[in-house]
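Grab a viewer and work through the exercises below. Each one sets a task and then walks through a solution.

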Amino acid sequence: MRDVVTRLFVVAAIAEAGSWLALLVGMAVKYGPPGNEIGVQIFGPIHGALFVVYGVLVLAVARLHRWSLLATAVALACAVPPFATIVFERWAARRGMLGSAADTPQRTPTPVG
């Protein structure tokens, strides 16, 4: 369960950043020369849903991995600026906040032959 929620968090962080990109492109088209609102109408709700999913998964992963209150607050705040969710996810992975090899039981090698 812990690994599944952690993987979902990583996917949500990347998807949220991707939806930011799509929304920014949609906004550029809306307010640029074409003046077409279809991009914002499509990607606005998608980004909103992924924003909420990311926030819920931050809370779940923070509880499962016993993050500090500060780390949890930073993870939640990273949903606001574009692409910050990817930066936070990479940072958390490097610091071992998303699990590490020490969390998984080690198997003893079996002889071959």
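**Exercise 1. Find the residue that follows helix 2 and describe its backbone and its exposure.**

Step 1: Helix 2 is followed by Arg 66, with a positive phi near 55 degrees. Helices here are DSSP runs (H or I, at least four residues), numbered from the N terminus.

Step 2: Arg 66 is not a glycine, yet its phi is positive.

Step 3: Arg 66 sits in the loop between helix 2 and helix 3. Its relative accessible area is 76%, so Arg 66 is exposed. For the cut-offs, buried is under 20% relative accessible area, exposed is over 50%, and partly exposed is in between (1.4 Å probe, protein chains only).

Some ground rules before you go on: this is a predicted model, where local features need pLDDT of at least 70, side-chain atom pairs count only at pLDDT 80 or more, and totals for chains, interfaces and linings use all residues. Residues are numbered from 1 along each chain as its sequence is written, and side-chain values use heavy atoms, with hydrogens and water left out.

**Exercise 2. Do the job again for Phe 83: what is its phi, and where does it sit?**

Step 1: Phe 83 is a residue other than glycine with a positive phi, near 70 degrees.

Step 2: Look for Phe 83 in the loop between helix 3 and helix 4.

Step 3: The relative accessibility of Phe 83 is 36%, so it counts as partly exposed.

**Exercise 3. Work out how helix 2 and helix 3 pack.**

Two packed helices are described by the angle between their axes and the distance between the axes.

Step 1: The axes of helix 2 (residues 38–65) and helix 3 (residues 69–77) come within 10 Å and cross at roughly 165 degrees. Axes are lines fitted to C-alpha atoms, for helices over the stretch in contact, and angles run from 0 to 180 degrees between N-to-C directions.

Step 2: That makes helix 2 roughly antiparallel to helix 3. The label depends on the angle: under 35 degrees is roughly parallel, over 145 roughly antiparallel, 65 to 115 roughly perpendicular, and the rest oblique.

Step 3: The helix 2 and helix 3 crossing is right-handed. A crossing is right-handed if the near helix is turned clockwise from the far one by less than a right angle, and left-handed if anticlockwise.

Step 4: On the helix 2 side, Tyr 54, Gly 55, Val 58, Leu 59 and Ala 62 meet Thr 72, Ala 75 and Leu 76 of helix 3. The residues of this contact (heavy atoms within 4.5 Å) divide into six nonpolar, two polar and no charged. In this scheme Ala, Val, Leu, Ile, Met, Phe, Trp, Tyr, Cys and Pro count as nonpolar, Asp, Glu, Lys and Arg as charged, and the others, Gly among them, as polar.

**Exercise 4. Now treat helix 1 and helix 2: at what angle do they pack, and how far apart are their axes?**

Step 1: Helix 1 and helix 2 pack at about 155 degrees, with axes 8 Å apart. They are therefore roughly antiparallel to each other.

Step 2: The crossing of helix 1 and helix 2 is left-handed. Their contact has 21 nonpolar, seven polar and three charged residues.

**Exercise 5. Check the span of each of these two helices and list what is buried in them.**

Step 1: Helix 2 has 28 residues and reaches 40 Å from first C-alpha to last, close to the expected 40 Å. The expected span is 1.5 Å times one less than the number of residues.

Step 2: Helix 1 has 30 residues and reaches 43 Å, close to the expected 44 Å.

Step 3: Buried residues of helix 2 include His 47, Tyr 54, Gly 55, Val 58 and Ala 62. Their cover includes helix 1 (2–31), helix 3 and helix 4 (84–94).

Step 4: In helix 1, Phe 9, Ala 12, Glu 16 and Trp 20 are among the buried residues. What covers the buried residues of helix 1 includes helix 2 and helix 4.

**Exercise 6. Place Phe 51 and find its contacts.**

Step 1: Phe 51 belongs to helix 2. Its relative accessibility is 35%, so it counts as partly exposed.

Step 2: Setting aside neighbours within four places in sequence, Phe 51 is in contact with Glu 16, Ala 79 and Val 80.

Step 3: Phe 51 and Ala 12 are 39 residues apart along the chain, with 8.5 Å between their C-alpha atoms.
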